[in-house]
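Q: Hey, I'm new to this one. Could you put it up and walk me through it?

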Amino acid sequence: MQVFTYILLGFLIVCAISVSFSRNLLNSILIFMSYSLVMSVIWILLESPDLAITEAAVGAGVTSILFFITLKKIHAIMETEEEEEEHE
């Protein structure tokens with residue numbers, strides 16, 4: 001069980017570093033979602049289910065949806081798709 005916990009903690013560190021270096025906003029949001037989901041699993045391992053549910057609902061759910069809506073409103077999602085098509 002300790003090995004699994006260390007793997008999850010390593011994944012959290014990798015997610016935190018990769019969000020800072022990611023240039024694509026959509027990828028950053030997806031990495032943030034995975035960070036929140038792993039954090040909720042860690043809360044379950046720490047025997048704190050109330051925090052796990054809150055982290056999954058707020059961190060991966062509501063916050064990510066707000067980020068997606070913001071990207072759509074500023075047309076960042078459309079621009080990245082058009083840029084990728086131009087580069088091909």
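**A first look around**

A: Sure, let's start with one residue. Apart from neighbours within four places in sequence, isoleucine 42 is in contact with Leu8, Leu9 and Leu12, where contact means heavy atoms within 4.5 Å.

Q: What should I know about the model and the numbering?
A: The model is predicted, so local features need pLDDT of at least 70 and side-chain atom pairs count only at pLDDT 80 or more, while totals for chains, interfaces and linings use all residues. Residues are numbered from 1 along each chain as its sequence is written, and side-chain values use heavy atoms, with hydrogens and water left out.

Q: Back to that isoleucine. Which residues make up the largest nonpolar core?
A: Five names there: Leu8, Leu12, Val38, Met39 and Ile42. A nonpolar core is a set of buried Ala, Val, Leu, Ile, Met, Phe, Trp, Tyr and Cys residues joined through side-chain atoms within 4.5 Å. Buried is under 20% relative accessible area, exposed is over 50%, and partly exposed is in between (1.4 Å probe, protein chains only).

Q: Which helices supply this core?
A: Helix H1 (2–21) and helix H2 (25–45) each give at least two residues. The largest share, 3 residues, comes from H2.

Q: And how many helices and strands are there overall?
A: There are 4 helices and 0 strands. Both are DSSP runs numbered from the N terminus: helices are H or I with at least four residues, strands are E with at least two. Buried residues make up 23% of the 88 residues.

Q: How many aromatic pairs does the structure hold?
A: It holds 1. The ring centres of phenylalanine 32 and phenylalanine 67 are 5.8 Å apart and the planes sit at 70 degrees, so the pair is edge-to-face. For the cut-offs, rings of Phe, Tyr and Trp (its six-membered ring) pair if their centres lie within 6.5 Å; planes under 30 degrees apart are stacked, over 60 edge-to-face, and the rest tilted.

Q: Where in the chain are the two rings?
A: Phenylalanine 32 is in helix H2 and phenylalanine 67 is in helix H3 (residues 49–73), 35 residues apart, so the pair links distant parts of the chain.

Q: Are those two buried or exposed?
A: In between. Phenylalanine 32 is partly exposed at 28% relative accessibility, and phenylalanine 67 is partly exposed at 37%.

Q: Changing topic: what's at serine 28?
A: Serine 28 lies in helix H2 and counts as buried, at 14% relative accessibility. Not counting residues up to four places away in sequence, serine 28 touches Val19 and Ser22. The C-alpha atoms of serine 28 and alanine 16 are separated by 9.8 Å, with the two residues 12 apart along the chain.

Q: What about the loop between H2 and H3?
A: Glutamate 47 is in that loop. Phi of glutamate 47 is near 60 degrees, a positive value in a residue other than glycine. Glutamate 47 is also exposed, with a relative accessible area of 71%.
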